[in-house]
Amino acid sequence: MSSTDQEKDLKILKEWFPYTTRPFIANAPMIGFADFRLATAVTKAGGLGFIGGAFNFSAESAQLAKLDGELTKARSELGITDSGTLPIGVGFITFTPTGFEENVVPLLEKHRVSAVWLSFPQSDDDHGPLISAIRDAQTRTEWSVKVFVQVGTVQGAATAAEQGADVIVVQGIDAGGHQWARGASLMSLLPDVRGSLGNVYKVAILAAGGIVDGRGCVAALGLGADGVVMGTRFVATEECPAPPHIKNSIVKAQDGAFSTVKSVQHDVFQSTDVFPRQYDGRALIGISWTESQSGVSDDEVIRRYKEAIKQGEDHRRTVWA
Ligand SMILES: Cc1cc2nc3c(=O)[nH]c(=O)nc-3n(C[C@H](O)[C@H](O)[C@H](O)COP(=O)(O)O)c2cc1C
């Protein structure tokens with residue numbers, strides 16, 4: 001990949017999202033954390049704002065009903081009165097893809113979102129039909145939408161490019177939240193993905209994982225990214241709907257190498273262990289982790305977590321970061 005090719009890809013992002021400034025920055029579509037308020041603030045500031053959409057795609061999905069309302073509010077917040085493209089993206093967790101074509105695509109089409117983000121499939125092949133469903137709707141109604149796929153390996157990037165993704169988000173293992181259990185840091189993964197895609201596919205590449213400021217952004221661009229995605233940094237903002245103690249814990253945390261850990265146990269401890277086993281997650285070391293390390297059984301840690309929630313206390317809640 002020559003620097004001229006990377007310049008071309010940088011231009012493509014500007015062409016696709018003309019309202020964005022350089023460097024291209026998007027917030028991660030964090031379900032439960034990236035709502036219309038955060039997403040519109042990011043877009044207004046020159047980035048591409050994403051809303052965390054859903055992982056339940058059934059006709060009765062409360063997540064999809066909520067998303068419908070969030071997208072209406074986003075259009076109004078941005079003061080867009082016509083029915084043109086909404087400069088907001090929506091992200092989906094795809095390990096249970098049933099219902100995507102029937103219930104998700106029409107909703108996205110209705111709101112004319114400018115980007116759809118797919119992440120964490122059961123198998124990489126599962127994204128093929130979802131991308132085709134978006135493309136079918138796109139040609140039917142001249143809907144201008146770009147498909148983002150988050151990947152954690154070179155193989156995942158190759159599959160996403162073959163399936164027709166427009167933007168590949170390369171997630172390194174510094175990332176907060178869920179991620180590939182077998183992965184690599186951006187330092188090695190990003191140049192590897194950039195090199196492997198070469199000139200064969202016309203895709204833009206974004207970097208995600210551990211980026212919080214200009215230094216990380218410059219480093220990612222140097223490693224071959226066309227822009228960056230940040231998750232944790234956006235949780236610690238006024239616009240994010242996370243409870244204050246989660247934001248404070250992130251701001252107060254020092255030395256992420258020591259104060260966070262990548263493990264499947266974070267989900268186990270709060271009985272939300274639904275991700276397929278190729279994924280784990282990075283979070284701050286909290287009470288549950290410390291108790292577990294000192295020999296308390298998983299069952300007892302879960303019991304204590306549930307009891308705390310019943311008492312209205314969420315200090316045991318996982319702080320993805
Ligand atoms: C609180 C939190 C929630 C997240 N939720 C999602 C999600 O719903 N879907 C998704 O694709 N990625 C999710 N991620 C991962 C992000 O897509 C992204 O890879 C990550 O935030 C980048 O690393 P950073 O947090 O160090 O910036 C989440 C991350 C965090 C911190």
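Tutor: Let us start with a term we will need. A polar contact is a pair of N or O atoms within 3.5 Å; within protein, one must be able to donate a hydrogen and the other to accept it. Please keep in mind that this is a predicted model.

Student: Thanks! The backbone oxygen of which residue lies close to a polar atom of the side chain of Ser-259?

Tutor: Start by finding Ser-259, which is in helix 11 (residues 256–259). A polar contact needs a pair of N or O atoms within 3.5 Å. A polar atom of the Ser-259 side chain has a backbone oxygen 2.9 Å away, and that oxygen belongs to Gln-254.

Student: Is Ser-259 buried or exposed?

Tutor: The cut-off for buried is under 20% relative accessible area, while exposed means over 50%. Ser-259 has a value of 18%, so we call it buried.

Student: Let's visit the ligand. Which polar side-chain atom lies 2.6 Å from an oxygen atom of the ligand, or rather, which residue does it belong to?

Tutor: Good place to look! The ligand is surrounded by 22 residues, and the closest are Gln-150, Gln-171, Gly-210, Gly-231 and Thr-232. The side chain of Gln-171 has an N or O atom 2.9 Å from a ligand oxygen, and a backbone N or O atom of Ile-31 is also 2.9 Å from a ligand oxygen. The contact at 2.6 Å comes from the side chain of Thr-232.

Student: What percentage of the ligand's accessible area does the protein cover?

Tutor: On its own, the ligand has 590 Å² of accessible area. The part of this that the protein covers is 95%.

Student: How many charged residues are in the shell around the ligand?

Tutor: Two elements that each give at least two residues to this shell are strand 4 (113–119) and helix 9 (232–235). Sorting the shell by type gives 13 nonpolar and nine polar residues. The number of charged ones is therefore easy to state, with Asp, Glu, Lys and Arg as the charged types: the shell has none.

Student: Now the open sheet of three strands: what is its order?

Tutor: Look for the edges, where a strand pairs on one side only: these are strand 7 (177–180) and strand 10 (260–263). Strand 10 is joined by four bridges to strand 11 (residues 279–284), running antiparallel to it. Across that pair, Val-261 stands opposite Ala-283. Put together, the order is 7-11-10.

Student: Which residue is joined to Arg-22 by a cis peptide bond?

Tutor: Most peptide bonds are trans, so a cis one deserves a look. Here omega is about -10°. The partner sits in the loop between helix 1 (3–16) and strand 1, and its name is Pro-23.

Student: What is the phi of Phe-120?

Tutor: Most residues other than glycine have a negative phi. Phe-120 is found in the loop between strand 4 and helix 5 (127–141), and it is buried because its relative accessibility is 7%. Its phi is positive, at about 65°.

Student: And is Glu-142 buried or exposed?

Tutor: Glu-142 also has a positive phi, near 50°, and its place is the loop between helix 5 and strand 5 (146–151). Over 50% relative accessible area is the cut-off for exposed. At 75%, Glu-142 is therefore exposed.

Terms used
Residues are numbered from 1 along each chain as its sequence is written. This is a predicted model: local features need pLDDT of at least 70, side-chain atom pairs count only at pLDDT 80 or more; totals for chains, interfaces and linings use all residues. Side-chain values use heavy atoms; hydrogens and water are left out. A residue is near a molecule or strand if one of its heavy atoms lies within 4 Å of it. Accessible areas come from the Shrake-Rupley method with a 1.4 Å probe; for residues, only the protein chains shown count as cover. Two strands pair if DSSP finds at least two bridges between them. Buried means under 20% relative accessible area, exposed over 50%, partly exposed in between (1.4 Å probe, protein chains only).
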